[in-house]
Amino acid sequence: MLEKLYKFLNNETEQRVCKDITEQACKHVPKNYFIILLSNVFTKLGDTLSNPKTVLTWLMSYVNAPVFLISLIVPIRESGSMVPQIFIASYINKHSTRKWFWVIGALIQFLAIASIGFIVLNFKNETAGYLIILAVIVFSLARSLSSLTSKDIIGKTIPKTRRGRLKGFTVSVSGVLVLAAGLLIMYKSKSNATIDFYSYLIFFAALTWLISAIIYSRIKEFPND
């Protein structure tokens, strides 16, 4: 079934040609294709549900965190995952299989986002603000781990001629879900959303990374030659 759907989505009428991945990996392309698609869709949805400019800012305001801490949320979340890659790249490159680095990164992101929901329900003022900042830093470090390995894994599991379509389908599917989530957040924010709504939202966002990690762990990855 996955084979047929893969061929339909990629307009393949003949046997797959895998010139840039191993013969072993070629046999598992359809399964890996949809695993990567689904896991990326869930992480993109999680990004929207925990948006630093809306959701996290609202939560920081709710706990009366200092303004200067609120202003740090966006730069830490958006760019804090780039610098650590310099220090961990050499370590990751020593390993022939790397999907577990991605999975570990996703699990840590799940814990980091879930902890924010716990913090806003149990702490206030500066304490809550600093704890949320700490959670966002941990999230960014974990994001760096997953980001560093994702392209490499795609390069080992998906033929080069199919990577563009994979990205396109990921953007399309996640775009629909992200739009729906964005509209829901916008609607609720205009109708005096309560802490219950935002706490449920952040816990559900955390869950998307857990689901994504479980899905991604099913990728069939073979060691480098």
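**How do H7 and H8 run relative to each other: roughly parallel or roughly antiparallel?** We'll work that out in Exercise 1.

A word on the ground rules before we start. This is a predicted model, in which local features need pLDDT of at least 70, side-chain atom pairs count only at pLDDT 80 or more, and totals for chains, interfaces and linings use all residues. Residues are numbered from 1 along each chain as its sequence is written, and side-chain values use heavy atoms, with hydrogens and water left out.

## Exercise 1: Two helices side by side

Task: Describe how H7 and H8 pack.

Solution:

Step 1. Two packed helices are described by the angle between their axes and the distance between the axes. Axes are lines fitted to C-alpha atoms, for helices over the stretch in contact, and angles run from 0 to 180 degrees between N-to-C directions. The helices themselves are DSSP runs (H or I, at least four residues; strands are E, at least two), numbered from the N terminus.

Step 2. Helix H7 spans residues 99–122 and helix H8 spans residues 125–157; they pack at an angle of about 160°, and their axes are 8 Å apart.

Step 3. Now use the cut-offs: under 35 degrees is roughly parallel, over 145 roughly antiparallel, 65 to 115 roughly perpendicular, and the rest oblique. H7 and H8 are therefore roughly antiparallel to each other.

Step 4. Sort the contact by class: 20 residues are nonpolar, six polar and two charged. Here Ala, Val, Leu, Ile, Met, Phe, Trp, Tyr, Cys and Pro count as nonpolar, Asp, Glu, Lys and Arg as charged, and the others, Gly among them, as polar.

## Exercise 2: A second partner for H8

Task: Find out which way H5 runs relative to H8, and name some residues that meet.

Solution:

Step 1. Read the geometry: H5 and H8 pack at an angle of about 5°, with axes 10 Å apart. That makes H5 roughly parallel to H8.

Step 2. Look at who touches whom, where contact means heavy atoms within 4.5 Å. On the H5 side you'll find residues including Phe68, Leu72 and Ile76, while the H8 side includes Tyr130, Ile133 and Val136.

Step 3. Count by class again: the contact of H5 with H8 has eleven nonpolar, two polar and three charged residues.

## Exercise 3: Rings that pair up

Task: Take two aromatic pairs and say how the rings sit, beginning with Phe68 and Tyr130.

Solution:

Step 1. Get the rule straight: rings of Phe, Tyr and Trp (its six-membered ring) pair if their centres lie within 6.5 Å; planes under 30 degrees apart are stacked, over 60 edge-to-face, and the rest tilted. The whole structure holds seven aromatic pairs.

Step 2. Phe68 and Tyr130 have ring centres 6.4 Å apart and planes at 65°, so this pair is edge-to-face. Phe68 lies in helix H5 (residues 67–79) and Tyr130 in helix H8, so the pair ties together parts 62 residues apart in sequence.

Step 3. Check exposure: buried means under 20% relative accessible area, exposed over 50%, partly exposed in between (1.4 Å probe, protein chains only). Phe68 is partly exposed at 44%, and Tyr130 is partly exposed with a relative accessible area of 44%.

Step 4. Trp102 and Tyr216 form a stacked pair, 3.9 Å centre to centre with 15° between the planes. This pair links distant parts of the chain, with Trp102 in helix H7 and Tyr216 in helix H10 (residues 195–216), 114 residues apart. Trp102 and Tyr216 are both buried.

## Exercise 4: Two residues on the inside

Task: Find out which residues Ile35 and Thr149 touch, leaving aside neighbours within four places in sequence.

Solution:

Step 1. Ile35 sits in helix H3 (residues 29–49) and is buried, at 9% relative accessible area. Its contacts are Ile215, Tyr216, Arg218 and Ile219.

Step 2. Thr149 belongs to helix H8 and is buried as well, with a relative accessible area of 1%. Thr149 touches Ile92, Arg98, Phe101 and Trp102.

## Exercise 5: Zoom out

Task: Say how many helices and strands the chain has, and what percentage of its residues count as buried.

Solution:

Step 1. The chain has ten helices and zero strands.

Step 2. Of its 225 residues, 45% count as buried.
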